[in-house]
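Thanks for sharing this one. Here are my notes, in the order I would go through them with the model open on screen.

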Amino acid sequence: MLLQSISRSLALISFVGLSACIGPTVETPDEEPTPEPEPTTVVSVLAEMPQFSTFSAALESTGLNSVLEGTGPFTLFAPTNEALDTLNLDLAALTPDQMADLLQYHIIAGEMTGNAAENTAWSNTLLQERIHLQYTDGSVVIDGLSTITDVDIVADNGLIHVLDGVLLPTSLRDRIDLIQIVSSYPRLSKFKELMDGAGQLALDLGTADINLTLFAVPNRGFNQADIDPDELNSATLTVVGRTHAVDQILDSEALEAETEITTLSGQTIAIGTDGDLTLNETSKVVYADISVNNGILHIIDLPISTD
């Protein structure tokens, strides 16, 4: 009897407890669907990175930003603020057409990944003027001067690659002089040290109508030759520096027509044209004909021998 009473009590408690747990039915409102993220463009991604504010503002000022907000895909080679500042090109003084030329020369219609850039020699830009790409020492160099320092920054309509120097379309090169070229591109920093130590030559590079031909060596070339301009005395700097300059404008076609040339140091340099354009058989021209308002510059792979 006692057991039956306890069983009935437990059953009642369980029923009451269960009823309390179940409670009344409560309707929950439908959850709002998660909104899709806004699609990104090369322009919107660039605008989020303060190190490109100058280039981004220039795109906006010309209306090119609206083009780059399209479907694409686009590949944008973006110079940093530091690269633009170092070149010391007065953007405010450019005509609208010149500004458009400068910007379009940094844009490719189509997607070029960093890996593709390593395996591409030439590519057409929106300006319908080609850029030259060369994979050297683990990086891609454009037009012999600007190095891609970061690749494949992704937007929904393309890619951005970061440049440490400004690309120069033909129409703007008459606004640039030799000293700006030598001073503005990090891969030429050792060559700049050489020029700085070469006395009057450094001043001449910034002089209008000096009409020099300059053979510029990238840092890698100095390293391979085990030459550090910082360790050379002033007399040697002057001789070596002046050996890399000629007192007339010689483009690659003019050089190929010569068998030898005389440099500012008085040294005679033999010109070779058997396959590659070479100087004294040891230095090869790897990018030619960077014409500016007071001369012309060729990139060579190694310093010219002064023996």
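How many residues lie between β6 and β7 in the hairpin that they form? My points below start from there; please keep in mind that this is a predicted model.

1. **The hairpin.** The answer is 2 residues, which sit between β6 and β7. Strand β6 covers residues 146-155, and 5 bridges join it to β7 in an antiparallel arrangement. To find the pairing on screen, look for V154, which stands opposite L159 of β7.

2. **The other neighbour of β7.** Strand β1 (residues 74-79) pairs with β7 as well, this time in the parallel sense and over 6 bridges. Here P79 is the residue standing opposite L163 in β7.

3. **How enclosed is β7?** Strand β7 spans residues 158-163, and it is largely enclosed by the rest of the structure because 6 of its 6 residues are buried. In a regular strand, side chains alternate between the two faces of the sheet. Looking at each face of β7 in turn, G158, I160 and V162 are buried on one side, while L159, H161 and L163 are buried on the other, so both faces are covered.

4. **The sheet as a whole.** Strands β1, β6 and β7 belong to an open sheet of 7 strands with mixed pairing, in the order β2-β1-β7-β6-β5-β4-β3. The edges are β2 (107-109) and β3 (122-124), each of which pairs on one side only. Direction ignored, neighbouring strands of this sheet are turned by 30° against each other on average.

5. **Next to β6, and across β1.** On from the hairpin, strand β5 (residues 139-142) pairs with β6 in the antiparallel sense over 2 bridges. One pair to look at there is V141 with its bridge partner T147 in β6. Elsewhere on the sheet, helix α3 (residues 53-62) lies across β1 and β2 and runs at about 125° to β1.

6. **The nonpolar cores.** Which residues touch the most other members of the largest nonpolar core? In this core of 69 residues, they are L46, L59, L76, I160, I181, F191 and L297. Apart from it lies another core, made of 13 residues, with Y105, I108, L133 and V140 among them. Back in the largest core, L76 is worth a closer look: leaving out residues up to four places away in sequence, its contacts include L46, F55, L59, I160 and H161.

7. **I181.** This residue is found in helix α8 (residues 178-184). Is I181 buried or exposed? With a relative accessibility of 0%, I181 counts as buried. Beyond its neighbours within four places in sequence, I181 is in contact with L145, L168, I176, L188, I290, V292 and L297. You could also check I181 against T86: their C-alpha atoms are 9.8 Å apart, and the two residues are 95 apart in sequence.

8. **Overall numbers.** The protein has 13 helices and 14 strands. Of its 307 residues, 45% are buried. Taking contacts between residues at least 6 apart in sequence, 64% join residues at least 24 apart. The protein exposes about 15,800 Å², with carbon and sulfur atoms supplying 50% of that area.

Key: Residues are numbered from 1 along each chain as its sequence is written. This is a predicted model: local features need pLDDT of at least 70, side-chain atom pairs count only at pLDDT 80 or more; totals for chains, interfaces and linings use all residues. Side-chain values use heavy atoms; hydrogens and water are left out. Helices (H or I, at least four residues) and strands (E, at least two) are DSSP runs, numbered from the N terminus. Buried means under 20% relative accessible area, exposed over 50%, partly exposed in between (1.4 Å probe, protein chains only). Contact means heavy atoms within 4.5 Å. A nonpolar core is a set of buried Ala, Val, Leu, Ile, Met, Phe, Trp, Tyr and Cys residues joined through side-chain atoms within 4.5 Å. Accessible areas come from the Shrake-Rupley method with a 1.4 Å probe; for residues, only the protein chains shown count as cover. Two strands pair if DSSP finds at least two bridges between them. Axes are lines fitted to C-alpha atoms, for helices over the stretch in contact, and angles run from 0 to 180 degrees between N-to-C directions.
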